[in-house]
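Here are my notes after going through the model you sent. Have the structure open while you read, since the points hop around the chain a bit.

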Amino acid sequence: MDDETFLRRAIALSAEAAATPGSEPFGAVVVRDGAVVGEGFNRSRARHDPTSHGETEAIRDACAKLGTLDLSGCVLFSSCEPCALCVAAMEIAGIARVVYAASLADSARALSAVPKEKRRGGDVAALRREAGAPIGQGRMKARQALVAEAVAVLEQWARAPG
């Protein structure tokens with residue numbers, strides 16, 4: 001199968017999501033060695049989970065099916081260009097490549113008339129700029145405290161066998 005076949009499956013999932021209450025029209029598939037190993041679409045409203053994007057759902061599905069956190073060598077196909085949250089999840093999982101259909105600008109234009117109560121949006125460009133910055137340097141305020149206590153737990157876990 002080629003990229004367009006898998007991309008069409010992601011777009012079909014976005015259409016399924018559009019027809020599913022509590023979902024938004026974003027779908028994704030994870031492919032390894034020419035086979036779909038994970039699928040998902042945005043279920044943020046239904047699950048009361050702001051991280052339930054199509055890409056993160058597909059990654060969760062692939063990890064569960066493969067029994068691993070390592071998706072090295074996998075390709076993710078998405079109906080829309082992934083946001084910063086999804087790009088970070090792909091990087092953490094080891095996704096090798098992403099293929100997407102609509103750009104962020106395309107989706108922003110297409111969804112511009114959607115009322116805020118139906119779709120909680122945000123400034124995706126600002127999120128992209130801030131996502132890689134140290135915490136507290138963006139819009140979110142941050143305060144660090146109880147460092148020694150937290151580090152002690154980390155060090156104890158790191159020393160534990162297995």
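1. A definition to start with: a nonpolar patch here is made of residues with over 30% relative accessible area and no salt bridge, with nonpolar side chains joined within 5 Å. On that footing, Val147, Val151 and Leu154 make up a nonpolar patch on the surface, and together they offer about 240 Å² of accessible area. Val151 sits in helix 7, which covers residues 147-159. Why does Val151 count as partly exposed? Because its relative accessibility is 31%, and partly exposed runs between 20% and 50%. As a general reminder, an α-helix has 3.6 residues a turn, so residues three or four places apart point the same way.

2. Keep in mind that this is a predicted model. The mean pLDDT of the protein is 88, and 85% of the residues score at least 70. Helix 3 (residues 54-66) has the highest confidence, at 98, while helix 6 (residues 124-131) has the lowest, at a mean of 65. Where pLDDT is low, the predicted coordinates should not be read in detail.

3. On the overall layout, the protein has seven helices and four strands. Along the sequence, they come in the order α-β-β-α-α-β-α-β-α-α-α. Of the 162 residues, 31% are buried.

4. Now the rings. How many aromatic pairs does the structure hold? Just one: Phe6 with Phe77, a tilted arrangement with 5.3 Å centre to centre and 40° between the planes. This pair links distant parts of the chain, as Phe6 belongs to helix 1 (residues 3-18) and Phe77 to strand 3 (residues 75-80), 71 residues apart. Phe6 and Phe77 are both buried.

5. Asp3 is also in helix 1. Its relative accessible area is 27%, so Asp3 is partly exposed. From Asp3 to Leu76 the C-alpha to C-alpha distance is 10.0 Å, with their positions 73 residues apart in sequence.

6. There is a charge over a ring to look at, too: Arg43 lies over the face of Phe41, 4.1 Å from the ring centre.

7. Last stop, helix 4 (residues 84-93). Which of its residues are buried? They are Ala84, Cys86, Met90 and Ala93. Just after helix 4 comes Gly94, with a positive phi of about 90°.

Key:
Residues numbered from 1 in each chain as written. Predicted model: local features only at pLDDT ≥ 70, side-chain atom pairs only at ≥ 80, totals over all residues. Heavy atoms only, no water. Phe/Tyr/Trp six-rings, centres within 6.5 Å; stacked < 30°, edge-to-face > 60°. Helix = DSSP H or I, 4+ residues; strand = E, 2+ residues; numbered from the N terminus. Buried < 20%, exposed > 50% of the residue type's maximum accessible area, 1.4 Å probe, protein only. Lys NZ or Arg CZ within 6 Å of the ring centre and 35° of its normal. pLDDT = per-residue confidence, 0-100. Patch = residues over 30% accessible without salt bridge, like charges linked within 9 Å, V, L, I, M, F, W, Y side chains within 5 Å. Areas by Shrake-Rupley, 256 points an atom, 1.4 Å probe, with all protein chains shown as cover. Salt bridge = Lys/Arg side-chain N within 4 Å of Asp/Glu carboxyl O.
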